[in-house]
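Q: Please take me through one part of this model in close detail. Keep it short-winded and stick to the geometry.
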Amino acid sequence: MSSDLLKDGIQGLRYLQTYDWLFLRALITLGYLGWIAYALTTVIDLHVLQGSIASERNITTTTIFSSILVLLYSFFIIDRSPLTYYGYAFFPVFFWEEVFARRKGCIAGIKVLFGDFHGSSGYLSLGIQLALYLGVLEALVQSYFHRIIFTICYILAAFWPSLYGAKFVGRIRLHSSHGQLGA
């Protein structure tokens, strides 16, 4: 049993020393980014454009994406890679092919979503709001490691309604005292 354990340990060490971790991480990252882009295109297609723009595929793009997949699979066969690598390669190619097929819908959806922004002030406002959102999100993540950040976030959230003015706070106080907070 000790000999088998030693052999398994050596095989595990050999695997950890020989697998291409940079390539694998890049492939998995492309898969996650492709999944996010695919989900975003689906949301834009269903909820912004109501499915009015169809996916567009042709033999050239299908051949290109299929060739990428065949190339990756050939690389895995030559390297005698585990079966999981094939899945790691399939999903990025699938997701990015679907995003590429829906590119016209994405462009139309972005025009609809950002059609109300005129001039640099609208985009600047969006950028500031996005930065604040990401800042709050990062603060919440960091609060798991530094509890003082959690406390600061709660204090800021408690005073957030006051930024809307005294009239807003008074109206909320009136509704909450009558049990009509959502009204």
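Where does Gln 50 have its place? Start there, then work along the chain and out to what surrounds it.

A: The model is predicted. Gln 50 sits in the loop between α2 and α3. Its backbone stands out: phi is positive, about 50°, although Gln 50 is not a glycine. The residue is also exposed, because its relative accessibility is 59% and the cut-off for that class is over 50%.

Now to the charged side chains of this loop. The structure holds five salt bridges. One of them joins the side chains of Glu 56 and Arg 103, at 3.4 Å from N to O. Glu 56 belongs to the loop between α2 and α3, while Arg 103 belongs to helix α5 (residues 103-113), so this pair ties together parts that are 47 residues apart in sequence. Glu 56 has a second partner. Its side chain meets that of Lys 104 in a salt bridge of 2.9 Å, N to O. Lys 104 is in helix α5 and Glu 56 in the loop between α2 and α3, so here the tied parts are 48 residues apart in sequence.

How open are these three side chains to solvent probes? Glu 56 is partly exposed, at 32% relative accessibility. Arg 103 is partly exposed as well, at 25%. Lys 104 has a relative accessible area of 47% and counts as partly exposed.

Another salt bridge links the side chains of Arg 102 and Glu 98, at 3.2 Å from N to O. Arg 102 and Glu 98 are buried. Through shared salt-bridge partners, Arg 57, Glu 97, Glu 98 and Arg 102 are joined into one network.

Next comes the helix start. Asn 58 caps the N-terminal end of α3. A side-chain oxygen of Asn 58 lies 3.1 Å from the backbone nitrogen of Thr 60.

Helix α3 itself spans residues 59-79, with 21 residues. From first C-alpha to last it reaches 30 Å, close to the 30 Å expected at 1.5 Å a residue. Its buried residues are Thr 61, Phe 65, Leu 69, Leu 72 and Phe 76. Viewed down the axis of α3, these fall within an arc of 65°, so they line one face of the helix. On the other side of α3, the residues Ile 59, Val 70, Leu 71, Ile 77 and Ile 78 are exposed.

What covers the buried residues of α3? The cover includes α2 (21-48) and α4 (83-101). Phe 65 gives a view of this packing. Leaving aside neighbours within four places in sequence, Phe 65 is in contact with Val 93, Trp 96, Glu 97 and Phe 100. Glu 97 is also a member of the salt-bridge network described above.

Phe 65 also belongs to the largest nonpolar core, which has 10 residues in all. Leu 69, Leu 72 and Phe 76 are among its other members. So are Leu 24, Leu 27, Tyr 85, Tyr 86, Ala 89 and Val 93. To this core, α2, α3 and α4 each supply at least two residues.

Then the chain leaves the helix. Arg 80 follows α3, and its phi is positive, near 50°. Arg 80 has its place in the loop between α3 and α4. Like Gln 50, Arg 80 is a residue other than glycine with a positive phi. Arg 80 is exposed, with a relative accessible area of 77%.

For contrast, look at a loop elsewhere. Ser 143 has its place in the loop between α6 (119-142) and α7 (147-159). At 0% relative accessibility, Ser 143 counts as buried. A polar atom of the Ser 143 side chain lies 2.5 Å from the backbone oxygen of Leu 140. Beyond its neighbours within four places in sequence, Ser 143 is in contact with Ile 149 and Phe 150.

Back to the starting point: the loop between α2 and α3 holds an exposed Gln 50 and Glu 56, which is tied by salt bridges to Arg 103 and Lys 104.

Definitions and conventions
Residues numbered from 1 in each chain as written. Predicted model: local features only at pLDDT ≥ 70, side-chain atom pairs only at ≥ 80, totals over all residues. Heavy atoms only, no water. Helix = DSSP H or I, 4+ residues; strand = E, 2+ residues; numbered from the N terminus. Expected span 1.5 Å × (residues − 1). Buried < 20%, exposed > 50% of the residue type's maximum accessible area, 1.4 Å probe, protein only. Arc of directions from axis to C-beta. Contact = heavy atoms within 4.5 Å. Polar contact = N/O pair within 3.5 Å; in protein donor to acceptor, adjacent residues only side chain to side chain. Core = buried A, V, L, I, M, F, W, Y, C linked by side-chain atoms within 4.5 Å. Salt bridge = Lys/Arg side-chain N within 4 Å of Asp/Glu carboxyl O.
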